[in-house]
Amino acid sequence: MNTAAPEIGGRQPLPVDVEAGKSYWWCACGRSKNQPFCDGSHKGTGFAPVEWKAEKAEQAWFCACKRTGSKPMCDGSHKKL
């Protein structure tokens, strides 16, 4: 298990129009160039992407700072950075 803190991928949540039933792979390491989603940059870091499946079509707010307590959604943790 990785105990290192992830890199900060951004300081504001990222709105994404999601599709019902579709899986999205959230970047947990903060290194992805495709925030908030994984691009494979975590390889060798001990981090792994987090799968999130949309229950309905809506705009979802994904965490970019990687400090959220409700992965992968923003919980306001970026305000403490």
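A residue is called buried when its relative accessible area is under 20%. In this predicted model, G30 has a relative accessibility of 8% and therefore counts as buried. G30 is found in the loop between β2 and β3. When neighbours within four places in sequence are set aside, the residues in contact with G30 are E7, I8, G9, Q35 and K66. A different pairing gives a sense of spacing: the C-alpha atoms of G30 and W52 lie 16 Å apart in space, with 22 residues of separation in sequence.

One of the contacts of G30 is K66, and K66 has its own points of interest. K66 belongs to the segment after β4. With a relative accessible area of 4%, K66 is buried, because the cut-off for that word is under 20%. The backbone of K66 also deserves a look: its phi angle is near 70 degrees, which is a positive value in a residue other than glycine.

Another contact of G30 is E7, and E7 leads to the salt bridge of the model. How many salt bridges does the rule give? The count comes to 1. In that salt bridge the side chain of R31 meets the side chain of E7, at 3.2 Å from N to O. The two partners come from distant parts of the chain, 24 residues apart: E7 sits in the segment before β1 (14–18), whereas R31 sits in the loop between β2 (23–26) and β3 (50–53). Are these partners buried or partly exposed? R31 has a relative accessibility of 38%, so it counts as partly exposed. E7, at 41% relative accessibility, likewise counts as partly exposed.

The loop between β2 and β3 also holds P36. The peptide bond joining Q35 to P36 is cis, with omega at about 10 degrees. Q35 has been met already, as one of the residues in contact with G30. A further cis peptide bond runs from K71 to P72, where omega is near 5 degrees. P72 is placed in the segment after β4.

That segment after β4 (58–62) includes S77 as well. S77 has a relative accessible area of 13%, and it is buried because this value is under 20%. Which residues does S77 touch, not counting those up to four places away in sequence? They are C65, R67, T68 and G69. With R67 there is also a polar approach: a polar atom of the S77 side chain lies 3.3 Å from the backbone oxygen of R67.

Finally, the interior of the model was searched for enclosed space. Across the whole structure, the search finds 1 cavity of 30 Å³ or more. What is the volume of the largest cavity? It is about 40 Å³. The lining of the largest cavity is made up of C27, A28, C29, S32, C38, D39, S41, H42, A48 and P49. By residue type, this lining divides into 6 nonpolar, 3 polar and 1 charged. The charged member is D39, because Asp counts as charged. The three Cys residues of the lining, C27, C29 and C38, fall in the nonpolar group, because Cys counts as nonpolar.

Methods: Residues numbered from 1 in each chain as written. Predicted model: local features only at pLDDT ≥ 70, side-chain atom pairs only at ≥ 80, totals over all residues. Heavy atoms only, no water. 1 Å grid on protein atoms, 1.4 Å probe; cavity = no way out; pocket = protein on both sides within 12 Å on 5 of 7 lines; lining within 4 Å. Points joined across faces, edges and corners; volume = space filled by probe spheres on them. Helix = DSSP H or I, 4+ residues; strand = E, 2+ residues; numbered from the N terminus. Buried < 20%, exposed > 50% of the residue type's maximum accessible area, 1.4 Å probe, protein only. Polar contact = N/O pair within 3.5 Å; in protein donor to acceptor, adjacent residues only side chain to side chain. Contact = heavy atoms within 4.5 Å. Salt bridge = Lys/Arg side-chain N within 4 Å of Asp/Glu carboxyl O.
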